[in-house]
Amino acid sequence: MRALSGIQPSGELHIGNYFGAIKQYVELQDKHEGFYFVANYHALTSIRDGSYLRDLTLEVAASFLALGVDPNKAVLYVQSDVPEVTELTWLLSVVTPMGLLQRAHAYKDKIAQGISPDHGLFAYPVLMAADILIVQSDIVPVGQDQKQHVEMTRDIAAKFNQAFGEEVFKLPEALIMPQVAVVRGTDGRKMSKSYNNTIGIFEPEEVIRRKIMSIVTDSKTVDEPKDPDNDPLFPLYRLFVDEQEAEAMAADYTKGGIGYGDMKKLIVSKFLEYFAEAREKKAQLDAHPDYVMDVLREGGRRARAEARLTLERAREAAGVAVVR
Ligand code: ADP
Ligand code: TRP
């Protein structure tokens, strides 16, 4: 089995990215072949500052490593080091119905936010399909918000196979962890770089503390019973503790006696404890950018070799491999 996933370098990684996606990458790399990449072509749909994009790309790659993606087990690369995906994007574009792209939630959300769409934003899911299909991945570990894009990938793959009469592509499945499908941000909405409600994994301690302490709650007093299923703090706490600790806290919370301020302080300390090792590793990696670059170079080489095999089959099937 082969797992593949990517994250756009459109900001520093936050805990939604970790629990929704990266944690699964790390778990999967022991049992399956993993291909994990920094989606910088995708990030170009929102970032128009070359040096900023370059820095963020390395920042996200170092974050993957710090959080446990192991280059001896998985292939870690930058999307643009596999330029074959852009050629495959075109081959897939010709079989992708306009209606399919028009139904994409992510696209519709961007339009609703008032972003004036360009072709790159509209074609985003086709590029994502190319990423996934080019290494013949079986599973795609992502958060809930990407489920539709993986379903679109299946549709596009099936259309291509059918159009050209060959099983060039495998149909991949999304892998979504139901408990952490959507991590909420500090304002209660889905945590997302675009909503400015994130808690970054590698932010300075005082920033993390300030953000957690500023989460808005209702005005229940310390003694009032609180509902763990309907509260902005408990789901956050739960991310950092095991099942037993979560259940014990749920019981105390329901009884009353725990104030929101105490709960927030507890979350800060659990957060820092949970990510202590990763934060230390990130600081070391930041001091050794050459190491990160070496890992990416080797990962790009391996991913590219794999991508060429699939692209060649697609070119043959479509009849564009002509001159030999
Ligand atoms: P953002 O919304 O902050 O721009 P991305 O779209 O780059 O994040 O997401 C990268 C990965 O992290 C995807 O697999 C996505 O599903 C996952 N992810 C992002 N935000 C969350 C969240 N709040 N909860 C769960 N998973 C998330
Ligand atoms: N669209 C994904 C996101 O915003 C990033 C991404 C690009 C991706 N290509 C991918 C995720 C391929 C999984 C597989 O989060």
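In this predicted model, a nitrogen atom of ligand 2 has a polar side-chain atom of Asp131 sitting 2.7 Å away. Tyr124 does much the same job on paper: one of its polar side-chain atoms lies 2.7 Å from a nitrogen atom of ligand 2. Gln8 joins in through its side chain too, with an N or O atom 3.3 Å from an oxygen atom of the ligand. Taken alone, ligand 2 would expose 360 Å², and the protein buries 91% of that.

Stepping back from the individual contacts, 14 residues surround ligand 2. Those that come nearest are Gln8, Tyr124, Met128, Asp131 and Gln146, so three of the names are already familiar from the polar contacts. By class, the shell comprises eight nonpolar, five polar and one charged residues. Which helix gives the most to this shell? It is H7, with four residues. Helix H7 spans 119–134, and both this helix and strand E1 supply at least two residues each to the surroundings of ligand 2.

Ligand 1 is the other bound molecule to look at, and here the listed polar contacts go to the backbone. A polar backbone atom of Gly143 is 2.8 Å from an oxygen atom of ligand 1. Lys193 likewise places a backbone N or O atom 2.8 Å from an oxygen atom of the ligand. For Gly16, the partner on ligand 1 is a nitrogen atom, and the distance from a backbone N or O atom is 3.2 Å. On its own ligand 1 exposes 540 Å², of which the protein buries 94%.

The shell around ligand 1 holds 19 residues, and the closest of them are His14, Gly143, Asp145, Val183 and Lys193. Sorted by class, that shell splits into eight nonpolar, eight polar and three charged residues. Helix H1, running over residues 15–31, is the top contributor, giving four residues to the shell.

The elements that frame these sites also belong to a recognisable piece of fold. E1, H1 and E2 form a β-α-β unit, and the unit is right-handed. Its two strands, E1 (residues 2–7) and E2, pair in the parallel sense over six bridges. Within that pairing, Leu4 has Phe35 of E2 as its bridge partner, while Ile7 is matched with Val38 of E2.

On to the next neighbour: E2 is also joined to strand E3 (residues 74–78), by five bridges, and these two strands run parallel as well. One of the bridge pairs here links Gly34 with Ala74 in E3.

Are the strands of the β-α-β unit mostly covered or mostly open? E2 (residues 33–38) is mostly covered, with five of its six residues buried. E1 is mostly covered too, and five of its six residues are buried. Put together, E1 is a strand of the β-α-β unit that also supplies at least two residues to the shell around ligand 2, whereas H1, the helix of that unit, gives the most to the shell around ligand 1.

Conventions:
Residues numbered from 1 in each chain as written. Chains lettered and ligands numbered in written order. Predicted model: local features only at pLDDT ≥ 70, side-chain atom pairs only at ≥ 80, totals over all residues. Heavy atoms only, no water. Near = heavy atom within 4 Å. Polar contact = N/O pair within 3.5 Å; in protein donor to acceptor, adjacent residues only side chain to side chain. Areas by Shrake-Rupley, 256 points an atom, 1.4 Å probe, with all protein chains shown as cover. Nonpolar A, V, L, I, M, F, W, Y, C, P; charged D, E, K, R; others polar. Buried < 20%, exposed > 50% of the residue type's maximum accessible area, 1.4 Å probe, protein only. Pairing = 2+ DSSP bridges. Right-handed = clockwise from strand over helix to strand, strands pointing away.
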